[in-house]
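Subject: Handover of a structure

Dear colleague,

Please find below the structure that I am handing over to you. My findings follow it, arranged by region.

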Amino acid sequence: MTITLSVAAAGDEREAACYANSFRQARFKRLLSVIDEILAEKDTCRILDVGGWTTYWQFLEPLWRGRPLHITLVNLTTAPTPDERFSSLIGDARDLGQLHDSSFDLVHSNSVIEHVGLWRDQRAMADEIRRLAPRYFVQTPNYWFPIEPHLRTPFIHWLPEPWRVAIVRRRACGYYPRAQSYAQAREILDDAKLLDAEGMSVLFPDAVIERERVAGLTKSLMAIR
């Protein structure tokens with residue numbers, strides 16, 4: 001679950017702009033519809049956010065304030081927990097064996113599964129998500145959207161690997177600095193392995209795969225159960 005994007009260390013302005021994005025707001029409202037279904041039957045919704053950080057929840061708090069949520073953040077390092085609504089665990093998304101089956105009401109993961117590694121790593125993460133709660137909401141960028149969301153470069157993820165290496169060695173792309181070596185270029189390109197709708201359906205066979213669209217094109221995918 002290694003997240004190397006510089007956005008993780010961005011300032012408040014970049015964070016605020018990110019979460020004020022209309023697509024992110026609409027996506028979060030869809031998540032809230034699932035949370036509200038759970039709260040219709042339970043006094044509290046226990047959420048496991050795999051790869052999440054408190055900044056995500058804090059910037060979007062006006063949308064969920066007043067709901068009785070407890071959010072457990074799991075990542076490779078401890079996340080700050082500003083109040084009793086949050087707790088933090090150190091763990092690897094591919095193996096959360098320290099947590100019992102159905103320990104939570106909902107597992108949430110936003111733009112993380114593309115960062116955990118190869119297909120076998122993504123499958124391991126998906127299996128853990130499905131094990132830990134009866135409901136889940138997993139979002140990831142769509143491979144077939146023409147702009148790669150991390151490199152912020154059109155079509156780059158569809159090009160042959162040597163061309164992609166040459167591009168990131170020539171200039172900074174998106175959240176990444178210009179690669180100073182071949183090895184660094186490969187590390188940048190290996191940071192995200194995008195999925196398509198078929199891949200998400202295989203990873204989450206008991207979910208509905210919903211599409212977030214821009215100008216008729218699918219920008220990101222959401223596996224929702």
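Helices and strands are taken here from DSSP runs, with at least four residues for a helix and at least two for a strand, and they are numbered from the N terminus. In these terms, Ser-111 is placed in the loop between β4 (106-110) and α5 (119-132).

Please bear in mind that this is a predicted model. The average pLDDT of the chain is 91, and 91% of the residues score at least 70. Residues 1-17 call for caution: pLDDT stays under 50 there, and the model has 35 contacts beyond four places in sequence for this stretch.

Ser-111 and Gln-139

Ser-111 is not a glycine, yet it has a positive phi of about 55 degrees. With a relative accessibility of 23%, Ser-111 counts as partly exposed, because that class lies between the limits of 20% and 50%. Which side chain makes a polar contact with that of Ser-111? The partner is the side chain of Gln-139, at 2.7 Å. Gln-139 belongs to strand β5, which covers residues 135-141. Its relative accessible area is 2%, so Gln-139 is buried. Leaving out residues up to four places away in sequence, Gln-139 touches Arg-27, Ser-109, Asn-110, Ser-111, Val-112, Ser-220, Leu-221 and Met-222.

Phe-155

A positive phi is also found at Phe-155, with a value of about 70 degrees, although Phe-155 is not a glycine. This residue sits in the loop between β7 (153-154) and α6 (161-170). Is Phe-155 buried or partly exposed? Its relative accessibility is 46%, and Phe-155 therefore counts as partly exposed.

Helix α4

Helix α4 consists of residues 61-64 and includes Glu-61. Glu-61 has a relative accessible area of 15% and is therefore buried. The side chain of Glu-61 makes a polar contact with the side chain of Arg-85, at 2.7 Å. Pro-62 is likewise found in helix α4. With a relative accessible area of 56%, however, Pro-62 is exposed. Between the C-alpha atoms of Pro-62 and Ser-201 there are 32 Å, and the two residues are 139 places apart along the chain.

Helix α7

Tyr-182 is located in helix α7, which spans residues 182-190. A relative accessible area of 44% makes Tyr-182 partly exposed. Within the helix region, the side chain of Tyr-182 forms a polar contact with the side chain of Arg-186, at 3.0 Å. Which residues does Tyr-182 contact once its neighbours within four places in sequence are left aside? They are Val-165 and Arg-169. The C-alpha atoms of Tyr-182 and Ala-166 are separated by 8.6 Å, with their positions 16 residues apart along the chain.

The second largest pocket

Rolling a probe the size of a water molecule over the atoms shows where empty space is left. The second largest pocket has a volume of about 160 Å³. Its lining is formed by Tyr-143, Glu-148, His-150, Leu-151, His-157, Arg-164, Tyr-176, Ile-188, Leu-189, Ala-192, Lys-193 and Leu-194. By character, the lining divides into 7 nonpolar, 2 polar and 3 charged residues. Among the charged ones are Glu-148, Arg-164 and Lys-193, while His-150 and His-157 count as polar.

Yours sincerely

Key. Residues numbered from 1 in each chain as written. Predicted model: local features only at pLDDT ≥ 70, side-chain atom pairs only at ≥ 80, totals over all residues. Heavy atoms only, no water. Buried < 20%, exposed > 50% of the residue type's maximum accessible area, 1.4 Å probe, protein only. Polar contact = N/O pair within 3.5 Å; in protein donor to acceptor, adjacent residues only side chain to side chain. 1 Å grid on protein atoms, 1.4 Å probe; cavity = no way out; pocket = protein on both sides within 12 Å on 5 of 7 lines; lining within 4 Å. Points joined across faces, edges and corners; volume = space filled by probe spheres on them. pLDDT = per-residue confidence, 0-100. Contact = heavy atoms within 4.5 Å.
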